[in-house]
Amino acid sequence: MSVPYKIDITGISDDFLTPEANRLIAAAEKLVPNLLERAQAAETAGKVPDETIKEMIAAGLFRVLQPKRWGGYELDPRVFYIIQMTLAQGCMSTAWIYGVIGVHNWQIGLFDERAQIEVLAENPEILIASTYMPVGKVEKVKGGFNFSGRWGFSSGVEHCEWIFLGGLVPKSPGSKELEHRTFLLPKSDFKVVKNWDVLGLRASGSHDIVVEGAFVPEYRTHQTNDYSDAACKGRAINDNWLYRIPFVQIFQRAVSTACIGALDGAVTEFRHRCAEHVGKHGGKTAEDVNAQMAVTEAIMTSDQLKLVLFRNFAEVVKHTQNGEMMPVNDRLLQRAQSAAVPKQCSERINEIMRACAASGTYKGNPIERIFRDINQSRGHIANNTDTYMRAHGTVMLGLPNSDPFV
C-alpha cells in the first residue's frame, strides 16, 4: 500500500535520499493532515497558523538547506522540493512560504560570517522573510548604506525576525552599471503593512514592507547575481558544494514547485468527490467523460513536471560538484521550465474545476481554493512564462542573454 501524501519518484535516481532526508520527508508527510484541517481557517485569517510554523520548525524542515555550522542539514535541493510538494498537498500557502523562507536559510550561508553570526548564532531556528524587487533607495555611507523604500509581496513575513530586501547599487565606485544586492535587516528596522487581500494564496500573508532610513552595514549585503567567491563570502566557512549553486537556480523553483504538490492534492480531492457526487440531473461525476479526462491529464502533467524537476536538479548538482558552471542556454531553459510550471498546473486545475460543475464553485469544495492558489502563483515575476521562454529563445537564435539573473 502506498504511503498517503508520499511524492512518487518512481524511475528517478534516489541516491540523494539519505536516512536524514527520508526522516525529514516523512515528517512533512505526517504534517499534511494537519494542514488539510487548518487550510480554510488559514485562508480566512490570511496567515499560516503559528502552530503550523512551530510544527515545521520542530520537524527541522526549514533547516534542509541551512549550513551545518548553524544546525542545518546541508541536504540536496531535491529533498527540499520533495518536502515543498508534500506540504502543498495539504495547503499551498504553507508550501509557498516554506519554499520562500526555506531558501533564505540557504542564502544566509553566502553572507559574510558576521551577518550569519548576528542572525543564527543565538537561535538557529530564526526565520528570514524577503522581497527581492530592487526598489530600495540606497545611499552609500561609511561602513555601509542608508536604506529606505517600500516593497510588496513579502510572503510569511509575520513569522520572521529578519528580512532580505532588494536594491540596486553601482558595481564599482563611480560606475553607471548597477548590480542587484540583497540587504539583510532585523525586524526592528522594517514595518509590515498588512494589505494582502487577493484572489489566492491568501494564507501566505504576503504583505508590504516599509523601511525608513535604516543603516545596513556592508557585511549585511550580498551581491545576488555574482556567483564568485569574492561576492559569496560565506563560502569561506560553508564550503559544501551546495553553496556554489547559482542563486537563481535555487530560488526560481521555490515559487513554482508548490503548484505540483497542490495539483496532486486537487487530484486526491477530486477522486474523493467523484466517488460520491451525483449531479442534480442524476449523473455520477465519475461517469462524466470530462472528469475522466481531467483527472488523467492532471496526473500526467504532475508526473512530467516532476521528471523534469529531478532531471534538471541532477544536472545542477553534477555541474556544481564538478566545479563547473552550467552552459547559459541550459540555465535559461531550466528557468523557462520552472516558470512554466504554474501555467501548466493552472491548465489542469482549471479542467478539474470545470469537471466539478456548478456545485464545485462553492467555498466548501477544497478544489476551489487550490484553483485560486495555483492561478495566483502565476503572478509572481519568476513565473512569467513568456518572458523566460523568450530569454531562452533569443540565445538559441544567436542573440545575447538578456536575463541578469542568468
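Me: Which residue with a positive phi follows helix H9?
Reply: In this predicted model, local features are given only at pLDDT of at least 70, side-chain atom pairs count only at pLDDT 80 or more, and totals for chains, interfaces and linings use all residues. Residues are numbered from 1 along each chain as its sequence is written, and side-chain values rest on heavy atoms, without hydrogens or water. H9 is a helix (a DSSP run of H or I, at least four residues, numbered from the N terminus). The residue that follows H9 with a phi near 65° is Ala357.

Me: What span does H9 reach from its first C-alpha to its last?
Reply: H9 covers residues 328-355 and so has 28 residues, for which 40 Å is expected at 1.5 Å a residue (1.5 Å times one less than the number of residues). Close to that expected value, the span in the model is 41 Å.

Me: Where does H9 bend?
Reply: The bend, taken as the angle between axes fitted to the seven residues ending at a position and the seven starting there, is about 30° in H9. A proline, Pro342, follows within four residues of the bend, which is placed at Ala340.

Me: Which elements give two or more residues to the lining of the second largest cavity?
Reply: This cavity (1 Å grid points where a 1.4 Å probe fits but cannot get out, lined by residues with an atom within 4 Å of a point) has Ala39, Glu43, Cys91, Ser93, Arg202, Ala203, Arg369 and Asp373 as its lining. The elements that give two or more residues to this lining are helix H1 (19-45) and helix H10 (366-377).

Key
1 Å grid on protein atoms, 1.4 Å probe; cavity = no way out; pocket = protein on both sides within 12 Å on 5 of 7 lines; lining within 4 Å.
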